[in-house]
Amino acid sequence: MKKIILTGGGTAGHVTPNLALCPELEKNGFEISYIGSYNGMEKGLVEKAGIPYYGISSGKLRRYFDLKNFTDPFRVIKGYFEAKHLMKTLKPDVVFSKGGFVAVPVVIAASRAGIPVISHESDMTPGLANKLSLAFCTKICCNFPETIQYLPEDKAVLTGCPIREELLTGNREAGLQLTGFNDSKPVLLIMGGSLGSVKVNQAVRSILPDLLKNYQIVHLCGKGNLDETLTSMPGYVQYEYMSDPLKHLFAMADIIISRAGANAICELLALQKPALLIPLSAAASRGDQILNARSFKKQGFCDVLEEENITNESLYQAVTSLYQNRETYIQAMKNSNQSNAVDRIVSLIKESCL
């Protein structure tokens, strides 16, 4: 039996693609372990999946001034030695990294131990953590053709993003039963990412009465973002977060409003769900979501409304246009030649063990 260590953490986007690989890795005889931070959100997600989890010290490498910049390098160094010890203890044949700063010391420790490392970059341009890891990787997988120009030519492989198999098994009727909805109106699903989005939440709620005239609405608003004054509003249900039943909400949804994280939009593509993407603004990020959204719009998969341009009128018109043109988006997604990312990545992992 071959052994593999998965690593990555910080957000659900650094964890769920790893978990999406697990069923196929197990079918191919891999014994799986996971390395993440001591108490990051990845810990609960991985342990719930029944995968052995090992925590290491983790620090963030920032491009801006912060007092933690003076202490976090020591956490990263500590994490490296902890990862080095785990390589000797677990003796993996290969390491697969989904990114995030906790993955950097794991990748370096594996490489220096002579263990092949395959990483995955979800966004259009590599983030700082993946940039630091590039030299230590055997292969680097990516979602977008445009990303290859930013990667070493002999290491880059276009694979797409691993999608959780269970997302494709949702049932519309189960979604309707869960939410108490019916077939009288189309369903609008709103997603702000695993941490929620205050701006998206506020924008949607500001036009909620108008939207409810035409749609039933499921709102995944993020932890701590429930609005108790709206709990009894007919046709509107809100959840902080949804795990297993999310597949039924996807199956039920006719259209979706979402942030433009790469993993999320690749799931929408696989599910062929028309979406209005509202990318995180460049002022609050490095602009990767904006690039992701524009690439998908260029391919005809979605519409985009940038955060700075949100008004009550622009949001309502964008949702209306999305629903009216939904079949056009669905057809474009059906015609996409996106490959099976899980099979391609598992093949690369197997090849690296030969």
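# Close-up views of a predicted model

**View 1. A cavity enclosed in the predicted model.** The largest cavity has a volume of about 40 Å³. Keep in mind as you look that this is a predicted model. How many cavities of 30 Å³ or more does a search of the whole structure find? The search finds 1. Its lining is made by Ile265, Leu268, Leu269, Lys273, Ala275, Leu277, Phe296, Phe301, Cys302 and Met333. Sorted by class, these lining residues are 9 nonpolar and 1 charged, with no polar residues. Two elements, helix H10 (262–271) and strand S12 (275–277), each supply at least two residues of the lining. H10 gives the most, with 3 residues.

**View 2. The second largest pocket, with helix H1 in its lining.** This pocket has a volume of about 460 Å³. It is lined by 19 residues, and the closest to its centre are Leu19, Ala49, Arg164, Glu166 and Asp244. Helix H1 (16–27), helix H2 (41–48) and helix H9 (246–252) are the elements that give two or more residues to the lining. Which of them should you find first? Try H1, since the largest share of the lining, 6 residues, comes from there. The lining as a whole divides into 10 nonpolar, 2 polar and 7 charged residues.

**View 3. The largest nonpolar core, centred here on Leu315.** Of the 60 residues in this core, Ile257 and Leu315 touch the most other members. H10, which you met beside the cavity, provides the largest share of the core, with 6 residues. Which residues is Leu315 in contact with, leaving aside its neighbours within four places in sequence? They are Ala203, Val204, Ile207, Ile257, Leu276, Ile278 and Leu305. Apart from the largest core lies another core, of 25 residues, which includes Ile35, Val106, Val107 and Leu134.

**View 4. Strand S8 and the two strands paired with it.** Why can we say that strand S8 (residues 187–191) is largely enclosed by the rest of the structure? Because 5 of its 5 residues are buried, and a residue counts as buried when its relative accessible area is under 20%. Both faces of S8 are covered, with Val187, Leu189 and Met191 buried on one side and Leu188 and Ile190 buried on the other. S8 runs parallel to strand S9 (residues 216–220), and 5 bridges join the two. S8 also pairs in the parallel sense with strand S11 (residues 255–258), over 4 bridges. Leu189 makes a handy landmark: in S9, Val218 stands opposite Leu189, and in S11, Ile256 stands opposite Leu189.

**View 5. Helix H7 and the elements around it.** Within helix H7 (residues 198–206), the buried residues are Val200, Asn201, Ala203, Val204 and Arg205. What do these buried residues pack against? Their partners are S8, helix H8 (208–211), S9, strand S10 (236–239), S11 and helix H12 (312–324). Two residues of this helix may look familiar from View 3, for Ala203 and Val204 are among the contacts of Leu315.

**View 6. Glu153, a residue in a loop.** Look for Glu153 in the loop between strand S6 (139–142) and strand S7 (156–158). Is Glu153 buried or exposed? Glu153 is exposed, with a relative accessible area of 76%; the word exposed applies to values over 50%. Glu153 and Lys139 are 14 residues apart in sequence, while their C-alpha atoms are 9.9 Å apart in space.

**View 7. Lys91 and Gln272, two residues with positive phi.** Lys91 is a residue other than glycine, and its phi has a positive value near 50°. Lys91 lies in the loop between helix H3 (72–90) and strand S4 (94–97), and Lys91 is exposed, with a relative accessible area of 56%. Gln272 is not a glycine either, yet Gln272 has a positive phi of about 55°. Where is Gln272 found? Its place is in the loop between H10 and S12, the two elements named in View 1 for the lining of the largest cavity. Gln272 is partly exposed, with a relative accessible area of 28%.

Note on methods
Residues numbered from 1 in each chain as written. Predicted model: local features only at pLDDT ≥ 70, side-chain atom pairs only at ≥ 80, totals over all residues. Heavy atoms only, no water. 1 Å grid on protein atoms, 1.4 Å probe; cavity = no way out; pocket = protein on both sides within 12 Å on 5 of 7 lines; lining within 4 Å. Points joined across faces, edges and corners; volume = space filled by probe spheres on them. Nonpolar A, V, L, I, M, F, W, Y, C, P; charged D, E, K, R; others polar. Core = buried A, V, L, I, M, F, W, Y, C linked by side-chain atoms within 4.5 Å. Buried < 20%, exposed > 50% of the residue type's maximum accessible area, 1.4 Å probe, protein only. Contact = heavy atoms within 4.5 Å. Pairing = 2+ DSSP bridges.
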